[in-house]
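Reader: I'd like to talk through the backbone oddities and charged pairs in this one. Can you put it up so we can look together?

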Amino acid sequence: MKYGMYSDSELPLGDYRCPRWDPMPDGKKNVVVLGCSHTYGVGLDDDSHWVAHLSKHNTDRLHYWNLGQPGASGDKVVRILYGSQKVIHPSIVIVCWPFWSRRERLGEHAKDLVSYDSVLKDEDEHTDKNNFLKNVFLVEKFAEQNECKTFHCFAQESYHEHIPNLNVLDTYTIKNCWPYWDKFEQRVSYNEPSLAADGEHYGAEHHKRFAELFVNYFGKKLK
């Protein structure tokens with residue numbers, strides 16, 4: 001099925017940081033991980049972003065597909081998810097939500113819009129919240145119809161209080177999980193954020209710790 005830029009058997013054009021799905025490997029459940037540049041891993045090596053670390057969990061049963069896209073909004077996350085339905089056939093859906101102020105505008109070409117874009121001058125915290133909840137609903141409806149498990153987390157700002165009845169990593173984000181103090185691991189506290197090679201995105205330490213937190217929180221359900 002395909003209408004306009006929405007399809008259930010074709011992913012939107014983009015550079016996805018995962019193996020090709022044609023042909024699709026057999027014998028394991030497929031996990032799709034969706035999000036923005038923080039999930040894609042901008043500025044990080046292939047083995048340093050949080051999805052790469054997550055992909056080491058329960059590998060006998062699970063095959064992971066990093067479908068994060070730089071600049072993606074919640075709108076684009078949903079469009080990618082629906083495009084994966086008959087391509088990847090996900091059994092588990094993990095969304096690392098970007099800022100809810102972002103939108104995707106579908107004109108002649110799809111365009112990712114951020115909060116300071118002039119097109120979004122009439123948006124506010126109420127429209128941001130309700131657009132986010134619309135996208136959560138669409139993810140959950142996809143999961144209901146395709147018998148998927150869903151897990152939610154956040155790249156920078158957390159909106160967990162708005163979706164309390166779902167599987168949500170509610171305390172930590174990629175942004176706030178580092179620096180931290182652990183008396184069993186450290187003698188000197190970490191005082192500065194770690195940055196990726198581009199000097200803007202969060203570095204390898206953020207991603208490694210975030211993946212550990214995610215697995216500690218949801219590992220028993222990721223099967």
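Author: Quick ground rule: helices (H or I, at least four residues) and strands (E, at least two) are DSSP runs, numbered from the N terminus. This is a predicted model, where local features need pLDDT of at least 70, side-chain atom pairs count only at pLDDT 80 or more, and totals for chains, interfaces and linings use all residues. Residues are numbered from 1 along each chain as its sequence is written, and side-chain values use heavy atoms, with hydrogens and water left out.

Reader: Fine. Which residue sits in the loop between helix H3 (74-83) and strand E5 (92-97) with a positive phi although it is not a glycine, and what is the angle?

Author: Most residues other than glycine have a negative phi, so a positive one deserves a look. The loop between helix H3 and strand E5 holds His89. His89 counts as partly exposed at 47% relative accessibility (buried is under 20% relative accessible area, exposed over 50%, partly exposed in between, with a 1.4 Å probe and protein chains only). Its phi is about 55°.

Reader: And Glu147, buried or exposed?

Author: Glu147 also carries a positive phi, about 55°, without being a glycine. You'll find Glu147 in the loop between helix H4 (125-146) and E8. With a relative accessible area of 73%, Glu147 is exposed.

Reader: Now cis peptides. What is omega for the bond between Trp178 and Pro179?

Author: Most peptide bonds are trans. Pro179 lies in the loop between strand E8 (149-154) and helix H5 (204-218). The bond joining Trp178 to Pro179 is cis, with omega about 0°.

Reader: Which residue is joined to Pro23 by a cis peptide bond?

Author: Look in the loop between strand E2 (6-7) and strand E3 (29-35), where Pro23 sits. Omega is about 10° there, and the partner of Pro23 is Asp22.

Reader: On to charges. How far apart in the chain are Asp75 and Lys134?

Author: These two form a salt bridge, their closest N and O atoms 3.5 Å apart (the cut-off is a side-chain nitrogen of Lys or Arg within 4 Å of a carboxyl oxygen of Asp or Glu). The pair links distant parts of the chain, with Asp75 in helix H3 and Lys134 in helix H4. Asp75 is buried at 7%, while Lys134 is partly exposed at 39%. Along the chain, the separation is 59 residues.

Reader: How many salt bridges are there in the whole structure?

Author: Another one joins Lys208 and Glu212, at 2.8 Å, and both lie in helix H5, four residues apart. Arg103, Glu123 and Asp128 are linked in a network. The whole-structure search gives 11.
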